[in-house]
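Here is a short guided tour for anyone new to reading protein structures. Keep the picture in view as you read, and try to find each part as it comes up.

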Amino acid sequence: MSAFQKKRGQKGFTLIELMIVIAIIGILAAIAIPQFTAYKARGYNAGAKADLKNAYTAAQAYFADNPTATVDAAALAAGGYQATSGVVLTIAAGTQSTLSLTASNTNAGGAATTYTINSAGVISP
């Protein structure tokens, strides 16, 4: 006697029912995948913004010890700044009164946002 014998009155799924389930899963996947891509891009952009804040803090720590100096990448590293993978940080102006830093994440692709922070600590956009 087989272990998979059908008992009287038992029914399985029909082909139509299985096709409907597969269609529903396809529709849900079509909705979810673009949303997931947008969530990833927002996460990468948040990482760039966080790196920009960390670089600003490291620059302020450097200026506390050297108020008339100009900050560069080595000074930021000495102040404790470590770049996250994929984040590109650019120092546009490095004195205490004209400090301007920009950051963006290359992993975000076409949805990458470039953030700028000025000497007052204001981030835009």
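## A helix lying across a sheet

Start with helix α1, which lies across β1, β2, β3 and β4. Relative to β2, which covers residues 100-105, the helix runs at about 155 degrees. Before going further, please keep in mind that this is a predicted model.

Helix α1 itself spans residues 15-65. We will come back to the helix after a walk through the strands.

## The four strands

In what order do the four strands of the open sheet come? The order is β1-β2-β3-β4, and the pairing is antiparallel. At the edges are β1 (87-93) and β4 (123-124), each of which pairs on one side only. As background, the strands of a sheet pair through backbone hydrogen bonds, either parallel or antiparallel.

Now take the pairs in turn. Six antiparallel bridges hold β1 and β2 as a pair, and a hairpin of six residues leads from β1 to β2. You can find two of the bridge partners by eye: Ala 93 is matched with Ser 100 in β2, and Val 88 is matched with Ser 104, also in β2.

Next, β2 and β3 run antiparallel and are joined by three bridges. Here Ala 103 has Tyr 115 in β3 as its bridge partner. Strand β3, residues 115-117, is then joined to β4 by two bridges, and this pair runs antiparallel too. Look for Ile 117, whose partner in β4 is Ile 123.

## Inside the sheet: β2 and Ala 103

Is β2 largely enclosed or largely open? Five of its six residues are buried, so β2 is largely enclosed by the rest of the structure.

Ala 103 makes a good example, as this residue is found in strand β2. Its relative accessible area is 1%; because buried means under 20%, Ala 103 counts as buried. Which residues does Ala 103 touch, leaving aside its neighbours within four places in sequence? The contacts are Ala 48, Leu 52, Val 87, Val 88, Leu 89, Thr 113, Thr 114 and Tyr 115. Two of these can be placed in helix α1, since Ala 48 and Leu 52 are among the contacts and the helix covers residues 15-65.

One of the contacts, Val 87, also shows how the chain folds back: Val 87 and Ala 103 are 16 residues apart along the chain, and their C-alpha atoms are separated by 6.6 Å.

## Along the helix

Now return to α1 and look at three of its residues. Leu 15 is found in this helix. Is Leu 15 buried or exposed? Its relative accessibility is 62%, and exposed means over 50%, so Leu 15 counts as exposed. Leu 15 also belongs to a nonpolar surface patch of about 640 Å², made together with Ile 16, Met 19, Ile 20, Ile 24 and Leu 28. The C-alpha atoms of Leu 15 and Ala 73 are separated by 64 Å, with their places 58 residues apart along the chain.

Pro 34 is in helix α1 too, and at 48% relative accessibility this residue counts as partly exposed. Its C-alpha atom is separated by 35 Å from that of Gly 12, which is 22 residues away along the chain.

Gly 43 is the third stop in helix α1. With a relative accessible area of 41%, Gly 43 is partly exposed. How many Å apart in space are Gly 43 and Asn 107? From C-alpha to C-alpha they are 9.9 Å apart, although 64 residues apart in sequence.

## A cis bond after the last strand

Finish at the far side of β4. What kind of peptide bond joins Ser 124 and Pro 125? This bond is cis, with omega about -10 degrees. For background, most peptide bonds are trans. To find the place in the picture, look for Pro 125 in the segment after β4.

Technical notes
Residues are numbered from 1 along each chain as its sequence is written. This is a predicted model: local features need pLDDT of at least 70, side-chain atom pairs count only at pLDDT 80 or more; totals for chains, interfaces and linings use all residues. Side-chain values use heavy atoms; hydrogens and water are left out. Patches are made of residues with over 30% relative accessible area and no salt bridge: like charges are joined within 9 Å, nonpolar side chains (Val, Leu, Ile, Met, Phe, Trp, Tyr) within 5 Å. Accessible areas come from the Shrake-Rupley method with a 1.4 Å probe; for residues, only the protein chains shown count as cover. A salt bridge is a side-chain nitrogen of Lys or Arg within 4 Å of a carboxyl oxygen of Asp or Glu. Two strands pair if DSSP finds at least two bridges between them. Contact means heavy atoms within 4.5 Å. Axes are lines fitted to C-alpha atoms, for helices over the stretch in contact, and angles run from 0 to 180 degrees between N-to-C directions. Buried means under 20% relative accessible area, exposed over 50%, partly exposed in between (1.4 Å probe, protein chains only).
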